[in-house]
Amino acid sequence: MSDAVPILHMITPLRNTSPFDVNMAVDAGFSSIVTYSEVALGDVAGLTQDAMFSRSPDAAKRTVMFIGGKDASLALDQMAAAAKALFPPFEISLFADPSGAFTTAAAMIALVEKNLRGKREGGLTGAKVQVYGATGIIGGIAAVIAAQAGADVTIVSHLVIEDVEAKAVDFKKRFGVKLNCAVAKTDEDKKALVADTEVILTCASAGIEVISTPVLEAAKKLIVAADINAVPPNGISGVGSNEDGVKLANGVGIGALVIGQVKYQVQHQILKRIRESDVALQVSFPEAFQLARELSA
């Protein structure tokens, strides 16, 4: 193992680096952390090569670039730009997790998958999944992870269908996944929509109840409902933040803090593994989902 000090460079297109991510990095053992704000896509290659060329090849592998922000597509573009700037033997490690969305979405889908075991043959494969709040960063990536796992995913807008259609087009180009689109403005719309769904994911803004009790009662085939909103009222009626498999009118519910516990473990483990690795790693949501599966099994 190289005795070079691990260095973490944290970039974000926003005005400020997330204190949450800084705290996570310190708790994972990083003592040398440098933050960069308002980083544009065009800045990434130069920053990456400055980080890699300033150390020996062995030390370069103990150098990490963390990509934050609040835009999944931009974070992935920045990660791709950083990866393109690398070449042997000076590779550094890359980890994208904007707003913690990649690790949160990974934890959410892993817990849904866990709760489907023994209740649905094939798990997520072919399961009808609806994502509310899919235009947000967590909802969009949760939809992609579920679709990549074989689910039949519908992303739902509460305003106009064009909002989710744009997201579906982008994700089909990026990931090759097909996402169905729908709009549901009222409870009556939602009742009709959930009639044959097996999984409901709510990823809307904090403090908004998205799925009411009457909507849950209409979801006759529901097996699992999961919510990431920890601010009252919760996103799904009857699913408190600490609920882990609470019985609903149909199916069971998973609360935000239960998802958050797995998310924390995933991010912590990834940061720790990258800090200790003598091989340059590249980590995004697929790797986060694999780890979340292992941790929630």
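Phe-171 and Phe-175 sit together in helix H7 (residues 161-175), four residues apart, or about one turn of the helix. That spacing has a simple consequence: an α-helix has 3.6 residues a turn, so residues three or four places apart point the same way. Keep in mind that this is a predicted model.

The two rings form a tilted aromatic pair, with 5.6 Å from centre to centre and 50 degrees between the planes. How buried or exposed is each partner? Phe-171 has a relative accessible area of 2%, so it is buried. Phe-175 comes out at 22% and counts as partly exposed, because buried means under 20%. The pair also belongs to something wider: ring pairs link Phe-102, Phe-171, Phe-175 and Phe-285 into a cluster.

In total there are six aromatic pairs in the structure. Another of them joins Phe-66 and Phe-95. Here is how these two pairs look next to each other.

| Pair | Centre to centre | Angle between planes | Geometry |
|---|---|---|---|
| Phe-66 and Phe-95 | 5.2 Å | 85 degrees | edge-to-face |
| Phe-171 and Phe-175 | 5.6 Å | 50 degrees | tilted |

Phe-66 belongs to strand S3 (residues 63-67) and Phe-95 to strand S4 (residues 93-96), so their pairing ties together parts that are 29 residues apart in sequence. Both Phe-66 and Phe-95 are buried.

Now for helix H5. It runs over residues 101-116, which makes 16 residues, and spans 22 Å from its first C-alpha to its last, close to the 22 Å expected at 1.5 Å a residue. Most of H5 is covered, with 15 of its 16 residues buried. After the helix comes Gly-118, and its phi is positive, near 80 degrees.

Ser-284 takes us back to one member of the ring cluster. Its place is in the loop between strand S12 (282-283) and helix H11 (285-296). Leaving out residues up to four places away in sequence, Ser-284 touches Leu-76, Met-79, Ala-96 and Phe-102, and Phe-102 is one of the rings in the cluster. With a relative accessibility of 9%, Ser-284 counts as buried.

A second loop residue worth a look is Thr-17, found between strand S1 (7-11) and H1. Which residues does Thr-17 contact, leaving aside its neighbours within four places in sequence? The list is Met-10, Thr-12, Val-22, Thr-35 and Tyr-36. Thr-17 has 18% relative accessibility and so counts as buried, the cut-off being under 20%.

In helix H1 itself there is Asp-27. Once residues up to four places away in sequence are set aside, Asp-27 touches Tyr-264 and His-268. Asp-27 and Ala-85 are 58 residues apart in sequence, and their C-alpha atoms are 29 Å apart in space.

Last, the largest pocket. It holds about 790 Å³ of space. Its lining is made of 38 residues, and Cys-203, Ala-204, Ser-205, Ala-206 and Ile-228 are the ones nearest the centre. What is the make-up of the lining of the largest pocket, in nonpolar, polar and charged residues? There are 19 nonpolar, 13 polar and six charged residues. Helix H1 (19-27), helix H6 (137-148), strand S6 (152-157) and helix H10 (256-276) each contribute at least two residues to this lining. H10 gives the most, with five.

Note on methods: Residues are numbered from 1 along each chain as its sequence is written. This is a predicted model: local features need pLDDT of at least 70, side-chain atom pairs count only at pLDDT 80 or more; totals for chains, interfaces and linings use all residues. Side-chain values use heavy atoms; hydrogens and water are left out. On a 1 Å grid over the protein atoms alone, a cavity is a set of points where a 1.4 Å probe fits but cannot get out, and a pocket is an open set with protein on both sides within 12 Å along at least five of seven lines; lining residues have an atom within 4 Å of a point. Grid points are joined across faces, edges and corners, and a volume is the space filled by probe spheres set on the points. Ala, Val, Leu, Ile, Met, Phe, Trp, Tyr, Cys and Pro count as nonpolar, Asp, Glu, Lys and Arg as charged, and the others, Gly among them, as polar. Buried means under 20% relative accessible area, exposed over 50%, partly exposed in between (1.4 Å probe, protein chains only). Contact means heavy atoms within 4.5 Å. The expected span of a helix is 1.5 Å times one less than its number of residues. Rings of Phe, Tyr and Trp (its six-membered ring) pair if their centres lie within 6.5 Å; planes under 30 degrees apart count as stacked, over 60 as edge-to-face and the rest as tilted.
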